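Biologist: Could you walk me through this structure? I'm new to this, so please take it slowly.

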Amino acid sequence: MGLARAKLDQTELRLGCMAMPAAAGWTRTAREAALTRVTQMGLPGRRDEYWRFTNPADLVGPEPVPAALFGTSKRPAYDGIDRVRLVFVDGVFDAVASDDPALAGVEITRLAVAQRQDIHWASELYGVLEARGQTPVARPLAALNTAFATDGVLIRATGKAAKPVNLVYLHKSETSDAFLHHCIKVESGADLTVLENGPAAARFNKVMEVEVADGGAFHHVRSQGRDHERRAATHIFARLGTGSTFKSFTMTANGALTRNECVIEMTGDNGVAHVAGACVGDGAFHHDDTVFVTHDAQHCESRQVFKKVLRNGATGVFQGKILVKHGAQKTDGYQISQALLLDGDSQFLVKPELEIYADDVACSHGSTSGAIDEDALFYLRSRGVPRSEATDLLVLSFLAEAIEEIEDPVIRDEILQRLAGWLARHRG
Amino acid sequence: MLEIKNLHVKLEEEDKQILKGVDLTVEPGKVHAIMGPNGSGKSTLSYVLAGRQGYTVTEGSANLLGHDLLEMEPEERAAAGLFLAFQYPVEIPGVGNMTFLRTAVNAQRKARGEEEMDAASFLKEVRARAKDLKIDADMLKRPVNMGFSGGEKKRNEILQMAMLEPKMCILDETDSGLDVDAMRLVADGVNALRSPDRGFLVITHYQRLLDHIVPDVVHIMAAGRIIKTGGADLALEVEKNGYADILAEVA
């Protein structure tokens, strides 16, 4: 059965504006396969079930909607943390603004350079996890990224990284349309932390493929913020080995449209996967967390913790699924998605799903949306805490379960300070 | 210190009059007790004074040290020196007890134009006060009132009172849910705070709390009014004969 005419037109229109890098090297095969996937799947449309709550029009249109730059004098994220910064300006690596990659104590190669070299591990990853993540649900924007990504990094950790790698995404052009693709390999027993921050571009499409080998640990903390008009579609595809750990946390503040997909496949026993998010939106803000965790091994634990604070017509979306395959016994799956609606104009759209084919598992999921607890607010105020400060305290208390998913106390505190600062600037 | 005159209050949501003309004056250094049967309006009085939503004052006034309480936000009342120990202290997940205490102390200081308390002095102070109330380090670290027993919650209220050093303390059924030992601990905490420039209004069902916190004046409240006022012996009379005799006497 072919694609609907409208979808076909949309896809052709978009592909007409794209060009594969001339020197694609070994990535060419993966890129061509991805392009085939895109033409077969078609780009997402409003009628697709998976896009019921989020209108993809601005993500698939031939040109990005221009996004005004948002000036700020605030200090950059993770400022106090000893890290190796790799800076991308509107999706293009800026070597001058970046730190020496060698300081991280891991192998770091720029995608544009790496594709001309023979990097064995990366050729087994680039587009591979993305392709695996296309079933049972199609993710065409990720395939589009694999086909046309212009930049990105390949990171391979073979031991404990000396410093966190900080991918910094600056936005300097109001019409930038950026495609970044990162591949990360955490080898057996290795330990790597990747930090991300910044608005990135007017329109940002990013894929991060992460393979964590047996006993490896990957920590990921992302701060998406600032520019109000930016739009982004990001995907994380992770495959986890035996006894490995994967922890990803995302803070989102501002942004007209953000769709963060996270697709995790647990392929070895005793793996741990936590994915969490805290987002705060005021006004023209649409934020979508779409998560798919597949348990295909025994004794694995997965947690999804997503909290959204919304006001002035902001919209939050959560689509989260736990799929437990045959034989994935002793799975411990947990999923919670909650919204705090600070007024009557905001909305939270949720689709939690469990699909379980093993008979000895513990899986739970819950979803709520509600307002500030008036009793708690009065209690705080009766102790002398002004309404605005009391509200902020209660909002942070609401977000706490998600923020606590960040293991490193220094990074956790950094995120907490950022959220507190945002709240103080956005009091109702 | 606290002057309540002809206070009439009804529920905001329904046309139900709860307080029907309360007159009460608490002088500095004095402990006043309000006793009365269920539904007499005792807790409503404490909530209205503290500024809880849901009530409409239809007549009368309430002043604290010259401030018109009824015109003030709850936080302004607190900064002016009012403290309400809740009958049901609220659990607040995700906010550490210590953070909460420090935020409250400094918010009040800021509102009064005083200097904020630095972390070291605050810590020293809170540890000393907590020790008197047998509140351990774990309770200070935990989220506000989360997983606290009934007695722990009430002791935590008294700790807040001790740290905030209010001028006027209202205790709403602080004895409810306490065993004898916990009640003594709480009463000791309150007694330690008695001073010539601080007033207390102790709301209770039963006389037994007043064995430990001996009042100067006892009021009996019924159907939204104070119907009788006397000394500490009035509480003993209630304990012996119940409210029926007094109600009959007034009617």
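Modeller: We can go through the overall form of one chain, then some helix pairs, some unusual backbone spots and the place where the chains meet. Please keep in mind throughout that this is a predicted model.

Biologist: What does the secondary structure of chain A come to?

Modeller: In chain A there are ten helices and 19 strands. Along the principal axes, its C-alpha atoms fill a box of roughly 65 × 50 × 50 Å.

Biologist: And what radius of gyration does chain A have, set against a compact globule?

Modeller: Chain A has a radius of gyration of 21 Å, which agrees with the value near 22 Å that a compact globule with 428 residues would have. Buried residues make up 55% of the 428 residues in this chain. If you take the contacts in chain A with a separation of 6 or more, 85% of them come from residues 24 or more positions apart.

Biologist: Switching to helices, how do α2(A) and α7(A) pack?

Modeller: Helix α2 of chain A, residues 27-41, packs with α7(A) at an angle of about 150°, and their axes are 7 Å apart. Because angles over 145 degrees count as roughly antiparallel, α2(A) and α7(A) are described as roughly antiparallel to each other. The crossing of α2(A) and α7(A) is left-handed.

Biologist: Which residues meet there?

Modeller: From α2(A), the residues include Ala30(A), Leu35(A) and Met41(A), and among those they meet in α7(A) are Pro140(A), Leu144(A) and Ala147(A). By class, the contact of α2(A) with α7(A) has nine nonpolar, one polar and two charged residues.

Biologist: What about α4(B) and α6(B), at what angle do they pack?

Modeller: Helix α4 of chain B, residues 119-132, packs with α6(B) at an angle of about 135°, with the axes 10 Å apart. That angle is why α4(B) and α6(B) are called oblique to each other, and their crossing is right-handed. On the α4(B) side the contact is made by Glu125(B), Val126(B), Arg129(B) and Ala130(B), while α6(B) brings Leu159(B), Ala162(B) and Met163(B). By class, this contact has five nonpolar, no polar and two charged residues.

Biologist: Different topic: which residues have a positive phi although they are not glycine?

Modeller: Tyr78(A) is one of them, with a phi of about 60°, and Glu173(B) has a positive phi of about 50°. Most residues other than glycine have a negative phi. Tyr78(A) is in the loop between α3 and β1 of chain A, whereas Glu173(B) is in the loop between β9 and α7 of chain B.

Biologist: Are those two buried or exposed?

Modeller: Tyr78(A) counts as buried because it has 22 C-beta neighbours inside 10 Å, and Glu173(B) counts as buried because it has 21. The cut-off for buried is 20 or more.

Biologist: And where is the cis peptide bond?

Modeller: It joins Thr135(A) and Pro136(A), with an omega of about 5°. Pro136(A) lies in the loop between α6 and α7 of chain A.

Biologist: Last one: how many residues of chain B are in contact with chain A?

Modeller: There are 21 residues of chain B in contact with 18 residues of chain A. On the chain B side, α2, β7, α3 and α6 each supply at least two residues, and the largest share, five residues, comes from α3(B). By class, that side of chain B has 14 nonpolar, five polar and two charged residues.

Methods: Residues numbered from 1 in each chain as written. Chains lettered and ligands numbered in written order. Predicted model: local features only at pLDDT ≥ 70, side-chain atom pairs only at ≥ 80, totals over all residues. Contact = placed C-beta atoms within 7 Å. Helix = DSSP H or I, 4+ residues; strand = E, 2+ residues; numbered from the N terminus. Nonpolar A, V, L, I, M, F, W, Y, C, P; charged D, E, K, R; others polar. Axes fitted to C-alpha atoms, helices over the stretch in contact; angles between N-to-C directions. Parallel < 35°, antiparallel > 145°, perpendicular 65-115°, else oblique. Left-handed = near helix turned anticlockwise from the far one by under 90°. Buried ≥ 20, exposed ≤ 12 C-beta atoms within 10 Å, placed from the backbone. Rg over C-alpha atoms; globule rule 2.2 N^0.38 Å.
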